[in-house]
Amino acid sequence: MSADTASATVLVVDDEPQIVRALRINLSARGYKVITAHDGTAALKAVAETKPDVVVLDLGLPDLDGTEVIAGLRGWTTVPIIVLSARGDSADKVQALDAGADDYVTKPFGMDELLARLRAAVRRSASSGVDGADAVVDTGSFRIDLAAKKVRRDGKEVHLTKTEWGVLELLVRNRGRLVAQKQLLHEVWGPTYETESHYLRVYLAQLRRKLEPEPSRPRHLLTEPGMGYRFEM
């Protein structure tokens with residue numbers, strides 16, 4: 001067992017029992033701690049609860065597409081994700097990498113190649129100091145679960161539209177830091193909307209009404225006039 005892999009935890013996400021068994025045996029023999037999940041929902045929960053060092057992810061899961069899992073994770077964590085998939089088409093690879101995967105290995109795969117890529121991912125994770133961001137952010141006024149994409153206030157779930165969630169998620173992911181208007185518009189609406197700053201005023205007002213105890217005097221969803229917005233705990 002090398003110093004790279006000592007005590008490193010790998011989450012294997014695959015619904016094929018024989019693949020999971022082979023990976024568990026091979027990875028455990030080389031000093032990795034192995035956690036498994038058989039669908040996307042379980043994978044998102046497992047990452048939030050166990051904070052693995054690397055995720056090995058199949059794209060063809062029974063409940064969610066693997067790219068949805070990648071996008072869900074990238075909402076709050078930079079844990080390295082290695083896709084392990086039978087989909088060898090370049091479009092599938094591009095889609096997974098664009099969603100936030102770090103590497104892509106096509107099935108059938110050679111164990112030596114996968115292990116080499118795992119070691120590289122663990123080294124990158126250790127050297128960059130994978131973020132310790134928590135999946136659950138509690139402001140005292142409301143509670144945001146980034147993995148489950150849910151918000152609760154006073155013990156009750158708050159319904160947010162997809163766009164409201166996109167704005168909130170980006171601000172929470174960058175909590176304590178100014179997020180420029182242009183960045184918010186680009187990431188939530190797309191590159192053709194970068195000058196539509198009035199969208200932000202409307203959606204921030206909606207989020208404050210739903211989440212802030214005093215919407216006219218927000219404590220968490222703050223405006224930096226002329227520059228952008230900031231989320232504070």
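**Two domains and a buried salt-bridge network**

The C-alpha centres of domain 1 and domain 2 lie 30 Å apart. The model is a predicted one. The domain assignment sets domain 1 at residues 9-127 and domain 2 at residues 136-231.

Start where the domains meet. Six residues of domain 1 are in contact with five residues of domain 2. The size of an interface is often given as the accessible area lost when the parts come together. Between domain 1 and domain 2 that buried area is about 440 Å². Carbon and sulfur atoms give 63% of it. On the domain 1 side, the elements that give two or more residues to the surface touching domain 2 are α2 and α3 (66-74). What is the count of salt bridges between domain 1 and domain 2? The count is zero. Polar contacts follow suit: the rule finds zero residue pairs across the interface, with both residues required to be at pLDDT 80 or more.

Now turn to the N-terminal part. UniProt, in an unreviewed entry, places the feature "domain: Response regulatory" at residues 9-122. Over residues 9-122 the chain is 48% helix and 20% strand. The end C-alpha atoms of that stretch are 9 Å apart.

One residue here carries an annotation of its own. UniProt lists D58 for "modified residue: 4-aspartylphosphate", again in an unreviewed entry. D58 sits in the loop between β3 and α3. Is D58 buried or exposed? Its relative accessible area is 5%, and the cut-off for buried is under 20%, so D58 is buried. Which residues does D58 touch, leaving aside its neighbours within four places in sequence? The contacts are V13, D14, D15, G66, L84, S85 and K107.

Two names in that list, D14 and K107, lead on to the charges. Side chains of opposite charge can pair when their charged atoms come close. The structure holds 14 salt bridges. One of them joins D14 to K107, with the closest N and O atoms 2.8 Å apart. D14 lies in the loop between β1 (9-13) and α1 (17-29), and K107 in the loop between β5 and α5, so this pair ties together parts that are 93 residues apart in sequence. D14 has a relative accessible area of 1% and is buried. K107 also counts as buried, at 13% relative accessibility.

K107 has a further partner. D58 forms a salt bridge with K107, and here the closest N and O atoms are 3.5 Å apart. D58 lies in the loop between β3 and α3, and K107 in the loop between β5 and α5, so the pair ties together parts that are 49 residues apart in sequence. The chain of pairings goes on: D14, E16, D58 and K107 are linked in a network of salt bridges.

Another salt bridge involves β5 and α5 themselves. The side chains of D103 and R117 meet at 2.7 Å, N to O. D103 lies in strand β5 and R117 in helix α5, so the pair ties together parts that are 14 residues apart in sequence. D103 counts as buried, at 18% relative accessibility. R117 counts as partly exposed, at 25%.

Next, the backbone. The peptide bond from K107 to P108 is cis, with omega near -10 degrees. Thus K107, a member of the salt-bridge network, also begins this cis bond. P108 is found in the loop between β5 (103-106) and α5 (111-128).

Which sign does phi take at K51? Phi of K51 is positive, about 50 degrees, although K51 is not a glycine. K51 lies in the loop between α2 (40-50) and β3 (54-57). At 42% relative accessibility, K51 counts as partly exposed. K149 also has a positive phi, near 55 degrees, and is a residue other than glycine. Its place is the loop between β7 (143-145) and β8 (150-153). K149 is partly exposed, with a relative accessible area of 40%.

End with R217. This residue is found in the loop between α8 (197-211) and β11 (221-224). R217 counts as exposed, at 59% relative accessibility. R217 and S141 are 76 residues apart in sequence and 13 Å apart in space, C-alpha to C-alpha.

Technical notes. Residues numbered from 1 in each chain as written. Predicted model: local features only at pLDDT ≥ 70, side-chain atom pairs only at ≥ 80, totals over all residues. Heavy atoms only, no water. UniProt positions renumbered as here; feature names shortened; annotations may be inferred. Helix = DSSP H or I, 4+ residues; strand = E, 2+ residues; numbered from the N terminus. Buried < 20%, exposed > 50% of the residue type's maximum accessible area, 1.4 Å probe, protein only. Domains from an automatic or database assignment. Contact = heavy atoms within 4.5 Å. Buried area = accessible area lost by both parts, 1.4 Å probe. Salt bridge = Lys/Arg side-chain N within 4 Å of Asp/Glu carboxyl O. Polar contact = N/O pair within 3.5 Å; in protein donor to acceptor, adjacent residues only side chain to side chain.
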